[in-house]
Amino acid sequence: MPALPLDEAGKYVAAAYLVFLALILVYVVIMGVRLARIEREVAELDEATPERTLAPEEERVP
Amino acid sequence: MYGKGLRALSVATLITLTGAFALVFFYAPNDADQGFVQKIFYLHVPMAIVALCGFVAGGIFAIQHLRTRDARYDLRSYVAIHISLILAVGVLITGAIWARAAWGHWWVWDEPTLVSFLIIFLLYATYQPLRFSIEDPERQARYASVFAVIAGAFVPLNFLAVRLAQAYTHPRVLSTTGGSMPGDMRLTFVIAIIGMALLFVTLWKFEMAAKHARANLRSLRRKLGVEEIPVARRTAAPSL
């Protein structure tokens, strides 16, 4: 099959590179959502646990 | 542990991939036969090579898991196979686009390179359903590791079998004679492979760091006696 003209070929090349970028973007977005959920849970954990007050011995700096 | 150096790795990946794509469009010449469409080669082939190497890496981690019974190796194997599957989807789609442009068909069933890659992809596509079907975490990890080892061994065998095939349409760019690529194309190709490999490692570390963070969070909840968020459904992903 002879080589496609540039305007035709350009569409295929653009499509291929866009597919690659889309795959990576979707993966990064999904991972971002998961990390946001982890951060939220850490914040909830931080709120749920009481502040630990140090005993007098622990307050002394070595 | 896995988050260490992730930022530097991400920057290196971004720079290398951007450099590779700049070389593709501004440095590497057009192919004499296929013209501009051949630019897809610098994306499709590195992705295929890295995906296949990722599957083999999954098998190697699985061997380590079976030897040491250390759950961390099972997680490494799972993540390697997961990332490779994503890249394999990219290989199949970009390959179909390139085939349509170069040969006039989206897919050619009598081409061994295409069909063998599809077989590998479908084989690994059963990995997660296999894990999901086994409730007991230790059995799940063990069976998945056995699967990953066998499937990982199949990848190079399959590659060899295709190489020995007599008739082919799919171009051979890496041959025993060193390939027929001129220097500027070869340089672009090498940079593209390095970029794709860096991308794989970055995504692998990224996902490992996320899974470790989740495991640490769960452990912290248990230690502090805080009520666990109920898990709505089973998961195929290993937990530490």
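Author: Quick term first: a polar contact is a pair of N or O atoms within 3.5 Å, and within protein one must be able to donate a hydrogen and the other to accept it. Also, this is a predicted model.

Reader: Fine. How many residue pairs are in polar contact between chain B and chain A?

Author: There are 3 such pairs, with both residues at pLDDT 80 or more.

Reader: And which elements of chain B give two or more residues to the side touching chain A?

Author: Those are helix 1 (6–26), helix 2 (41–68), helix 3 (71–103) and helix 7 (183–224) of chain B. Helix 7 has the largest share, 13 residues.

Reader: What's that side like by class?

Author: On chain B it has 29 nonpolar, 6 polar and 7 charged residues.

Reader: How many salt bridges between chain B and chain A?

Author: The count is 2. In one salt bridge, the side chains of B:Arg221 and A:Glu44 meet at 4.0 Å, N to O.

Reader: OK, what area is buried between the chains?

Author: About 3000 Å², and carbon and sulfur atoms give 81% of that.

Reader: Which three residues of chain B supply more than any other three?

Author: B:Phe36, B:Phe206 and B:Leu217, which supply 17% of the area that chain B buries against chain A.

Reader: How many residues does each chain bring to the contact?

Author: Chain B brings 42 residues and chain A brings 26 residues.

Reader: Switching topic: which residues make the nonpolar surface patch?

Author: A:Leu25, A:Val29 and A:Val33 make a patch of about 290 Å².

Reader: Where does A:Val29 lie?

Author: In helix 1 of chain A, residues 6–48.

Key. Residues are numbered from 1 along each chain as its sequence is written. Chains are lettered from A and ligands numbered from 1 in the order in which they are written. This is a predicted model: local features need pLDDT of at least 70, side-chain atom pairs count only at pLDDT 80 or more; totals for chains, interfaces and linings use all residues. Side-chain values use heavy atoms; hydrogens and water are left out. Contact means heavy atoms within 4.5 Å. Buried area is the accessible area (1.4 Å probe) that two parts lose on being put together, summed over both. A polar contact is a pair of N or O atoms within 3.5 Å; within protein, one must be able to donate a hydrogen and the other to accept it, and residues adjacent in sequence count only if both atoms are side-chain atoms. Helices (H or I, at least four residues) and strands (E, at least two) are DSSP runs, numbered from the N terminus. Ala, Val, Leu, Ile, Met, Phe, Trp, Tyr, Cys and Pro count as nonpolar, Asp, Glu, Lys and Arg as charged, and the others, Gly among them, as polar. Patches are made of residues with over 30% relative accessible area and no salt bridge: like charges are joined within 9 Å, nonpolar side chains (Val, Leu, Ile, Met, Phe, Trp, Tyr) within 5 Å. Accessible areas come from the Shrake-Rupley method with a 1.4 Å probe; for residues, only the protein chains shown count as cover.
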